[in-house]
There are 2 protein chains.
Amino acid sequence: MKIEILCTGDEILTGKTINTNHSFMAQRLTEAGLQVYRGTIVGDDRASLSQAFQLASERADAVIVNGGLGPTVDDLSQELAAAAAGVSLELHEPWLEKLKSFYTSRGRVMPENNIKQAMLPAGCEFIDNPIGTACGFALNIGKARFYFTPGVPREMRRMVTEQVIPRILKQSGLEVVTRLKRFHSFGIGESRADELLAGIEDLLPETVKLGFQSHYPQLETKLAAIGKSDSELDATLQPAVNMIRERFANFILCEDDETLEGTIIRHLQTHNQTVATMETASAGNICNRLVTADSHGDVVLSGVVSCNLSQLAAAVNMTAQDLPVDSDTASALAEHLRQHTKTDYAVVSLIDQKPLNDDSRAETKIFIAIASNRNMVTRQARLSGGTHWVTLGSTEMALDAFRRTLQGLPVDEKTDFEQQ
Amino acid sequence: MKIEILCTGDEILTGKTINTNHSFMAQRLTEAGLQVYRGTIVGDDRASLSQAFQLASERADAVIVNGGLGPTVDDLSQELAAAAAGVSLELHEPWLEKLKSFYTSRGRVMPENNIKQAMLPAGCEFIDNPIGTACGFALNIGKARFYFTPGVPREMRRMVTEQVIPRILKQSGLEVVTRLKRFHSFGIGESRADELLAGIEDLLPETVKLGFQSHYPQLETKLAAIGKSDSELDATLQPAVNMIRERFANFILCEDDETLEGTIIRHLQTHNQTVATMETASAGNICNRLVTADSHGDVVLSGVVSCNLSQLAAAVNMTAQDLPVDSDTASALAEHLRQHTKTDYAVVSLIDQKPLNDDSRAETKIFIAIASNRNMVTRQARLSGGTHWVTLGSTEMALDAFRRTLQGLPVDEKTDFEQQ
C-alpha cells in the first residue's frame, strides 16, 4: 500500500516553521506497520496544491493532507479537494452548530468567515476534531483516498492517532488495533541493547516490530504492535515485554509516557518527602528538571548551583577552605544541605572541572552524593566528551542515582557511557 | 525562477529524524530573495529517487538535493543523478586524494568503500566540502540545474550558504552578495513592531526584505539584502538599520549572533565583575542561561532556586519569618545574597504563586531586584498566561532588567506582554 504525506502552508515551505508534523505522522504510520512512500511540501498556492493533489491521486493509495483547513482566504484545502474530486462544497450543519457553540461558550460571537470551516466536499466522510475548530474529512480523488487534517500540531496528533491511522489500517486490510509500548533506559547504548535482547526475535510475531531510538543520554526501546483487539495485543506483547524488563532490569528508568524526573517526584509525593539539590557543572539542570516536574511545588525545596565550592559550602553554612572535588566533599555538602534545608533527601553532584563551553573532548570526573536520614549513598564516574555532552550525562546520572536510591536499587552499576 | 528542495533518506521519510534541513535551506533561499516552490521527501529507494529527479527536472529551474552522498550502498545520489543525466560516473582524482589524506591525518587507512564518494557524474561541476568527506556537485538534468549537498546538517549549512545559494543567484541573474542583519528584542510584540517601523518601506529598496520572527518572549527582526558587493550592502542597509535601532531603542537586547545572556556575561567579564542569582518559579532558568553562557565559569558565582521563601532566606543567612512576596522582600534577599556571596551583583526574581504546570491561565506578579554596591534596582510586573508562558516571560524580564542595569538604561519601560 502506497501512502503519501502532503504538508501544506507557506510557513512550512519557506522554512519559517520546522516540519515536525511530517515526522510525527510518518513515525506513527511506521509504528502501525504502514509504509510512507513519499512526503511533499507545498505552499498556500492554488496551482501547486492542485498539482500536488493530482500527482498524489495518480500514484498513491492513501494520502494524508495536513493544513489549509483554517478560516482565512489562504486556507484552500476544502475548496481544492472538492474541485479535484469533481464535487461541490456543502454546508456540514452539525459542525457549524459545534463551531457556534464553541464561540458562545467563550462569550463570543462566531466570526462570519468561520462558516468556511463547515463547508466540506459533497459526499466526504466527516472526521471529528474534539479540540479545535478545523474538522477533518476523507474523500476519494482518483485512485487514492485522501485524509485531510488540521495544521495545529496538537489537533493533528490526536486526529491522526485516533482517527486517521485506524481508517488507513482498515483500508489496507490490516488488523485495526495498534499499540506502542515504550521503555526508557539510561546507561545502555544502542548496540549493547541489541546484544542484551539476543533471541527476542523468537518472541516477536510478524505483527510486532522492535525499534530503538537514542536521544543521549536516554535510550528509548519501542515495541510497535498491531492486532485485532486490545486483549490480543496484551497476549502478543507480554513475552517480549517480560524479556525487556528482565534483561534491562535496573537500567529501565520508566515506561511509556513517564519521565525520569516525574517518576522521582511521584515517589516523593507518595511518601510525603522532600528534596534539595546542589550542583556544579550540570548548570542547574538537575534542579530544573525536578522543579519542572514538581507540579504542586512542594517537593523540591531548594536548589543551589555554583562552579565554586566555597559558594556551595557557604550556602549551607559549612565552614571549609580549599575543599578538594571528591566523594568526601560531596558527602559532607549533602549532609549539610539536608540539615540546612530540613529535607528528607539532599542530592549533590560535583564535577572536577570548569565548564569549557566548547566541543573539545576531555575526561571529567563526577561525584554524586545522596544523603537521607538513613544513610549516605555515593557514586563516582569518569565521563568523556565535550562540555554539553558531559552536562547531559552528569545530570542524568545524578537523577538516576537518586531514582535508584528511592527504589532501593544498587547505584553503582556501570553505564556504557563512562570509562571503566 | 522555480526552485525545489528534495530531501532524501529513510530516516527523514519515516520521521525518525525531523527534517530541519528543509527548513534551513528554504529559509536561506527566502532570505536571499529566492522563492521555494516545492519540497519533496523520498527514501533511499531507487525507483522513488529516480522518479523524483525526473519530475523535478521537468518543472523546476533549480533543485537542491540533500543527502545520499555517503559511502554505503544505500547512498544513491551520484549513481542515480548520472543515470538521470545520461552520463557515466567518473573518478574525481583531487577529491580521492583529499579523502585519503583526511584518513591519513587521523592515523587511519581509508576504507575501500569511500572511493564511492569520489565517483561523480561525468561533466558535473565539483562543489567543495571543507569540513566533511562528501563533496557536492551540480549538473543539468532535463531543464533544471541540480545541486547535490550532504545530509550532515553542519556540512549542508556551510555548503548551501557559501556555495549553492551564490550559484543559484548567479543562475537567476540576481546580484550575488547576500546579507542577513538581525535584531533581537524583548518587550515589543510583532504587531507593535510593525507600527513602530511605520515608514520603513521608504528606506527599503527592492533588494532588501524586512521580516519578523516571533519566538516568545523574544522577537527577531530581520533585514535580508542582496547586492553586488559588501560595500554596496553596507550603504543600502544603513538607513533601515539606523531606523530600527532608533525606534526599538532600549528594547534591543543584541544583534546578529549575540544572545541576551552572552551580552550580560561579556559585560561582566570585561569589567571583572561577578553575579549571583536567586529565583522562585522561573525554575532555575535565569541561572541556567547565565551559567551556560559563562564560558570560563568565573562570572556566575552562585544560583539558588526555591519556591519556598524561607529556604531562600536560609541560603543567605537572612533571619525572616512569613515573608510576603513583594518588592521589599526581593530587595532584602538581593542585598543579603550579594553580601553572602561577595559578588558585584545579585539578581533576585520572585513570583507570587506556586508553579501550576498546566496551561490554565492566571495572572502572576513578578518582583525583580538587582543589588550592586551602588544601588538597588527593582522592577515589578503582572504577566498572564499558563505556567510555561510565565516561566519564559519572567526569566526574560529578569535577565533584561539586569542587562539594562549594566548598560545604564531604565528598567521600568513597560513591555507588551504585561498588564498595564
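Setting aside neighbours within four places in sequence, B:Asn114 is in contact with B:Pro71, B:Leu99 and B:Thr133. In this predicted model, B:Asn114 sits in the loop that links helix H5 (93-105) to strand E5 (119-121) of chain B. The residue has 17 other C-beta atoms within 10 Å, so it counts as partly exposed; the buried class would take 20 or more, and the exposed class 12 or fewer. Looking further along the chain, B:Glu255 is 141 residues away from B:Asn114, and the C-alpha atoms of the two are separated by 42 Å.

Over in chain A, another loop residue makes a handy counterpart. A:Glu201 lies between helix H7 (190-196) and strand E10 (208-215) of chain A. Only 9 C-beta neighbours fall inside 10 Å, and A:Glu201 is therefore classed as exposed. Its C-alpha atom is 8.7 Å from that of A:Ala240, although the two residues are 39 apart in sequence.

As for the overall layout, chain A splits into domain 1 (3-172), domain 2 (177-255) and domain 3 (260-406). The centres of domain 2 and domain 3 of chain A, taken over C-alpha atoms, are 31 Å apart. Contact between these two domains of chain A involves 6 residues from domain 2 and 8 residues from domain 3. On the domain 2 side, 5 of the touching residues are nonpolar and 1 is polar, with no charged residues.

Strand pairing in chain A brings in strand E9 (residues 177-186), which runs antiparallel to strand E11 (residues 218-227) and is joined to it by 10 bridges. Within this pair, A:Lys181 has A:Leu223 of E11(A) as its bridge partner. E9(A) also pairs with strand E12 (residues 252-255) of chain A, again antiparallel, through 3 bridges. Here A:Phe183 is the residue opposite A:Glu255 in E12(A).

Turning to how the two chains fit together, chain A superposes on chain B after a rotation of 180 degrees with 0.3 Å of shift along the axis, at an RMSD of 0.4 Å. The two copies are thus related as by a two-fold rotation axis. Both copies use the same surface, since 100% of the contact residues of chain A recur in chain B.

The contact itself takes in 49 residues of chain A and 49 residues of chain B. Elements giving two or more residues to the chain A side include helix H2 (20-31), strand E2 (36-42), helix H10 (285-293) and helix H12 (327-341). H2(A) supplies the largest share of that side, with 8 residues. Sorted by class, the chain A side holds 27 polar, 19 nonpolar and 3 charged residues. Strand pairing also crosses between the chains: E2(A) and strand E2 (residues 36-42) of chain B run antiparallel and are joined by 3 bridges. In this pairing, A:Ile41 stands opposite B:Gly39.

Finally, there is the nonpolar core. In soluble globular proteins, nonpolar side chains tend to be buried together. The largest nonpolar core here has 235 residues, and A:Val348 and B:Val348 are the members that touch the most others. Leaving out neighbours within four places in sequence, the contacts of A:Val348 are A:Met278, A:Ala330, A:Leu333, A:Ala334, A:Leu337, A:Ile368 and A:Ala369.

Definitions and conventions
Residues are numbered from 1 along each chain as its sequence is written. Chains are lettered from A and ligands numbered from 1 in the order in which they are written. This is a predicted model: local features need pLDDT of at least 70, side-chain atom pairs count only at pLDDT 80 or more; totals for chains, interfaces and linings use all residues. Copies are superposed by least squares on the C-alpha atoms of residues with pLDDT of at least 70 in both. Two residues are in contact if their C-beta atoms, placed from the backbone, lie within 7 Å. Helices (H or I, at least four residues) and strands (E, at least two) are DSSP runs, numbered from the N terminus. Ala, Val, Leu, Ile, Met, Phe, Trp, Tyr, Cys and Pro count as nonpolar, Asp, Glu, Lys and Arg as charged, and the others, Gly among them, as polar. Two strands pair if DSSP finds at least two bridges between them. A nonpolar core is a set of buried Ala, Val, Leu, Ile, Met, Phe, Trp, Tyr and Cys residues joined through C-beta atoms within 7 Å. Domain bounds come from an automatic or database domain assignment.
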